[in-house]
Amino acid sequence: QALMKQHFVPAPVSPFGQPCTEGDLHALKTALEAHHQTVAAIILEPIVQGAGGMRFYAADYLRKARALADEYNVLLIFDEIATGFGRTGKLFACEHADLSPDILCLGKALTGGYMTMAATLTTRKVSEVISQGNPGVFMHGPTFMANPLACAVANASIEVLTNSPWQLQINQIEAGLSKHLAPCASLSTVKDVRVLGAIGVVELHEAVDMASIQGRFVEQGVWVRPFGKLVYVMPPYIISEDELETLCKAIYFVIKHYHQPMV
């Protein structure tokens, strides 16, 4: 039997900190009106759409999506693999909208990258449906589900984070990124510069030549991995102000001197 069809709606354009426009909401509402009988869930990366373009969008969109999911009786799933554990300035990005999803996907910062581990959180309603029948527990995990060593690392990583002044650190990183990436906006090859929490993005008009530009970053003493038209950084929370300035100045220098628009 074929898998059910996935339906995609345009990315919201309402910027972070602004209300959601009716145009943004219309596409989502229209899709649900047409397909809610066969749609199981809405899946979103809250606030920050990562690989889809490092877009920062309105928290109001999430609130409207929550209301639509409830109206049409579909689940709301948030992928916070990249945004969870403080990255956007809140411990979880969904807190910007003051709401919770039905399913929350976590990873990456869960263990600080020391070991491979992810976690899927659900509401009690969802978990009880999954656990129906004998033996009455969640039986869909793989062989290495919840392996003790990875869980211990995750607990240690979470403890380090929650016992640290992470909110102050994120605020300082956000201020540093805003200050030191701002000069990039004056470059003719740059379309936009945006910062949210400990995420800094320089969007170019043309895609970078990875084969040549990667080495230029290394020459400046930093490791930056652009993709497409995006030169972005998500620095560690323990980065110093001097290190952050070095990182941002390297980005400016390399874009200015080595990124040439494609003819």
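## Asparagine 73 and helix α2

In this predicted model, asparagine 73 adopts a positive phi of about 55°. Asparagine 73 lies just after helix α2.

Helix α2 covers residues 59-71, 13 residues in total. From its first C-alpha to its last the helix reaches 19 Å, close to the 18 Å expected at 1.5 Å a residue.

## Buried face of α2

The buried residues of α2 are Ala59, Asp60, Tyr61, Leu62, Ala65, Arg66, Leu68 and Ala69. Asp60 and Arg66 are thus listed alongside residues such as Leu62 and Leu68.

These buried residues pack against three elements: helix α1 (22-35) and the strands β1 (41-44) and β4 (75-79).

## The β7-β8-β9 sheet

Elsewhere in the chain, 3 strands form an open sheet in the order β7-β8-β9, and their pairing is antiparallel. The edge positions are taken by β7 (190-196) and β9 (230-233); each has a single partner strand, so one side of each is left without a neighbour in the sheet. From one strand to the next, the twist averages 10°.

Strand β8 comprises residues 199-204 and pairs with β9 over 4 bridges, in the antiparallel sense. Within this pairing, glycine 200 has valine 233 of β9 as its bridge partner.

## Helix α7 on the sheet

Helix α7, residues 241-258, packs on this sheet and touches β7, β8 and β9. The direction of α7 makes about 170° with that of β9. Helix α7 therefore contacts both edge strands, β7 and β9, as well as β8.

Definitions and conventions
Residues are numbered from 1 along each chain as its sequence is written. This is a predicted model: local features need pLDDT of at least 70, side-chain atom pairs count only at pLDDT 80 or more; totals for chains, interfaces and linings use all residues. Side-chain values use heavy atoms; hydrogens and water are left out. Helices (H or I, at least four residues) and strands (E, at least two) are DSSP runs, numbered from the N terminus. The expected span of a helix is 1.5 Å times one less than its number of residues. Buried means under 20% relative accessible area, exposed over 50%, partly exposed in between (1.4 Å probe, protein chains only). Contact means heavy atoms within 4.5 Å. Two strands pair if DSSP finds at least two bridges between them. Axes are lines fitted to C-alpha atoms, for helices over the stretch in contact, and angles run from 0 to 180 degrees between N-to-C directions.
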